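Reader: Could you take me through one part of this model in detail? I would love a close look at how the helices pack, and at what lies around them.

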Amino acid sequence: MNNRKTSQGFAKVSLKTLKYVIIVMVAVICATTAYRFGSQIFSSEGATPPPGTDLPYTISAGTTISELADELEEFGIIKSSNVFRVQSYIYNVRSVTPGTYNFNTSNSAEEIFRILSDGPEEKKEEKTTEEQ
């Protein structure tokens, strides 16, 4: 009878210990994932190291930031569409003007959002022509 109580006590302690180990492991995994995601959001690196590759990209009318993020990731201009979506809120870019843009695979998110805010190449050419 004494052995049975000892075995039951050992089992209870083992289960409690296992529960705490699992909780700690989940907390470490969540913290690591959150840190990596946060690091990517505030990173100033492009998808590739400089000098990168220049890629003209045409945005059609009605394209959302989410659609744009997926396409830019597909073409290798950005590393992660999820990070790009969050960054669009940080850089206060909620919509894009249709037209052709020139991106470089080494552009940081800040540079990409500046390019998007400046507008498509056609509008830049119109402004230059008007000034002359």
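Author: Happily; here is a walk through the packing around helix 3, in what is a predicted model.

Let us begin with the partner that comes later in the chain. Helix 3 spans residues 81-90 and helix 4 spans residues 109-118; their axes lie 11 Å apart, at an angle of about 60°. Because of that angle, helix 3 is oblique to helix 4. The crossing of helix 3 over helix 4 is right-handed. On the helix 3 side, the contact is made by F84, Q87 and S88, while helix 4 brings A109, I112, F113 and L116. Sorted by class, this contact of helix 3 with helix 4 holds five nonpolar and two polar residues, and no charged ones.

A109 deserves a pause. This residue of helix 4 has a relative accessibility of 10%, so it counts as buried, the cut-off being under 20%. Leaving aside residues up to four places away in sequence, A109 touches Q87 and Y91. There is also a long-range relation to look for: Q40 is 69 residues from A109 along the chain, yet their C-alpha atoms are separated by 9.9 Å.

Now turn to the other partner, helix 2. The axes of helix 2 and helix 3 come within 8 Å and cross at roughly 140°. That crossing angle is why helix 2 is described as oblique to helix 3. Here, too, the crossing is right-handed. Helix 2 contributes I65, S66, L68, A69, D70, L72 and E73, which meet S81, F84, R85 and S88 of helix 3. This contact of helix 2 with helix 3 divides into five nonpolar, three polar and three charged residues.

F84 and S88 of helix 3 appear in the contact with helix 4 and again in the contact with helix 2. F84 also leads us to the largest nonpolar core, which has 18 residues. The members that touch the most others there are I59, L68, L72, F84, F103, I112 and L116. Two or more residues each come from strand 1 (54-59), helix 2 (65-74), strand 2 (99-104) and helix 4. Helix 4 gives the most to this core, with five residues.

L72 is a good place to finish. Not counting residues up to four places away in sequence, L72 touches Y57, I77, I78, F84 and F103. If you centre your view on L72, you can follow its contact with F84 into helix 3, and from F84 go on to the helix 4 side of the packing.

Key:
Residues are numbered from 1 along each chain as its sequence is written. This is a predicted model: local features need pLDDT of at least 70, side-chain atom pairs count only at pLDDT 80 or more; totals for chains, interfaces and linings use all residues. Side-chain values use heavy atoms; hydrogens and water are left out. Axes are lines fitted to C-alpha atoms, for helices over the stretch in contact, and angles run from 0 to 180 degrees between N-to-C directions. Helices (H or I, at least four residues) and strands (E, at least two) are DSSP runs, numbered from the N terminus. Angles under 35 degrees count as roughly parallel, over 145 as roughly antiparallel, 65 to 115 as roughly perpendicular and the rest as oblique. A crossing is left-handed if the near helix is turned anticlockwise from the far one by less than a right angle, and right-handed if clockwise. Contact means heavy atoms within 4.5 Å. Ala, Val, Leu, Ile, Met, Phe, Trp, Tyr, Cys and Pro count as nonpolar, Asp, Glu, Lys and Arg as charged, and the others, Gly among them, as polar. Buried means under 20% relative accessible area, exposed over 50%, partly exposed in between (1.4 Å probe, protein chains only). A nonpolar core is a set of buried Ala, Val, Leu, Ile, Met, Phe, Trp, Tyr and Cys residues joined through side-chain atoms within 4.5 Å.
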